[in-house]
Amino acid sequence: MSFYYNYTGPNAGTVRPALVAPPAYQPFVHIGHPPPEPAHVWLGSTKAQVDAQNAAIAQNVGAYQPVQLVPAAAAPTQHFYCRELDGSYTLRTRTDIETSCQPGAWHMAKTGWPYFIRT
């Protein structure tokens, strides 16, 4: 904020001038008319651009490739159903499935329980 000296008055030459602040800024007020709408300035990408960027990244890093889902919290001795090569189902431990039932893949039953299918 800048200040200026006020030298007006009858004793302008004999009295020490007073330090006076300039008047405060008054914003322009539209009387009788609404103020104009501000222009919308968008900084950054649109949703469609972000979605396209995410899809390109996912394609590049292989996010659309199928992956093997293994029950992560299962103990090595926990039993799961395993569909054998002849179509029958047996109970096997997770360790047994990982060591002797490969190749194959884990699947999720409609009831929400994982099971292994040998191929």
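Is cysteine 82 buried or exposed, and what is its relative accessible area? In this predicted model, cysteine 82 has a relative accessible area of 0%, so it counts as buried. To see what surrounds this part of the chain, it helps to start with the sheet.

Four strands make up an open sheet, lined up in the order 4-3-6-5, with mixed pairing. At the edges sit strand 4 (89–93) and strand 5 (104–108), and each of these pairs on one side only. The sheet isn't flat: on average, neighbouring strands are turned by 35 degrees against each other, direction ignored. As a bit of background, side chains in a regular strand alternate between the two faces of the sheet.

Now for how the strands are joined. Strand 3 (residues 79–83) runs antiparallel to strand 4, and five bridges hold the two together. One spot to look for is tyrosine 81, whose bridge partner in strand 4 is leucine 91. Over at the other edge, strand 5 and strand 6 (residues 114–118) also run antiparallel, joined by five bridges. Here methionine 108 stands opposite proline 114 of strand 6. Strands 5 and 6 form a hairpin, with five residues between them. In the turn, glycine 112 has a positive phi of about 100 degrees. For context, most residues other than glycine have a negative phi, and most peptide bonds are trans.

Next come the aromatic rings, where the count comes to two aromatic pairs. The rings of phenylalanine 80 and tryptophan 106 have their centres 5.1 Å apart and their planes at 80 degrees; planes over 60 degrees apart count as edge-to-face, so that is the label for this pair. Phenylalanine 80 belongs to strand 3 and tryptophan 106 to strand 5, so their pairing ties together parts that are 26 residues apart in sequence. Both phenylalanine 80 and tryptophan 106 are buried. The other pair is tryptophan 106 with phenylalanine 116, again edge-to-face, with 5.4 Å from centre to centre and 70 degrees between the planes. Since tryptophan 106 lies in strand 5 and phenylalanine 116 in strand 6, this pair ties together parts that are 10 residues apart in sequence. Put the ring pairs together and Phe80, Trp106 and Phe116 are linked into a cluster. How buried are the members? Tryptophan 106 has 9% relative accessibility and so counts as buried, while phenylalanine 116 counts as buried at 0%.

Back to the cysteines. How many disulfides does a search of the whole structure find? The search turns up zero. Cysteine 82 is in no disulfide, and its nearest cysteine sulfur, 4.1 Å away, belongs to cysteine 101. A disulfide is a covalent bond between the sulfur atoms of two cysteines. The cut-off for a disulfide is 2.5 Å between the sulfurs. With the sulfur of cysteine 101 lying 4.1 Å from that of cysteine 82, the two are therefore too far apart for a bond. Like cysteine 82, which is buried at 0%, cysteine 101 has 0% relative accessibility and so counts as buried.

One last feature turns up a little further along the chain. The peptide bond from glutamine 102 to proline 103 is cis, with omega near 0 degrees. Proline 103 itself has its place in the loop between helix 2 (94–100) and strand 5.

Definitions and conventions. Residues numbered from 1 in each chain as written. Heavy atoms only, no water. Pairing = 2+ DSSP bridges. Axes fitted to C-alpha atoms, helices over the stretch in contact; angles between N-to-C directions. Phe/Tyr/Trp six-rings, centres within 6.5 Å; stacked < 30°, edge-to-face > 60°. Buried < 20%, exposed > 50% of the residue type's maximum accessible area, 1.4 Å probe, protein only.
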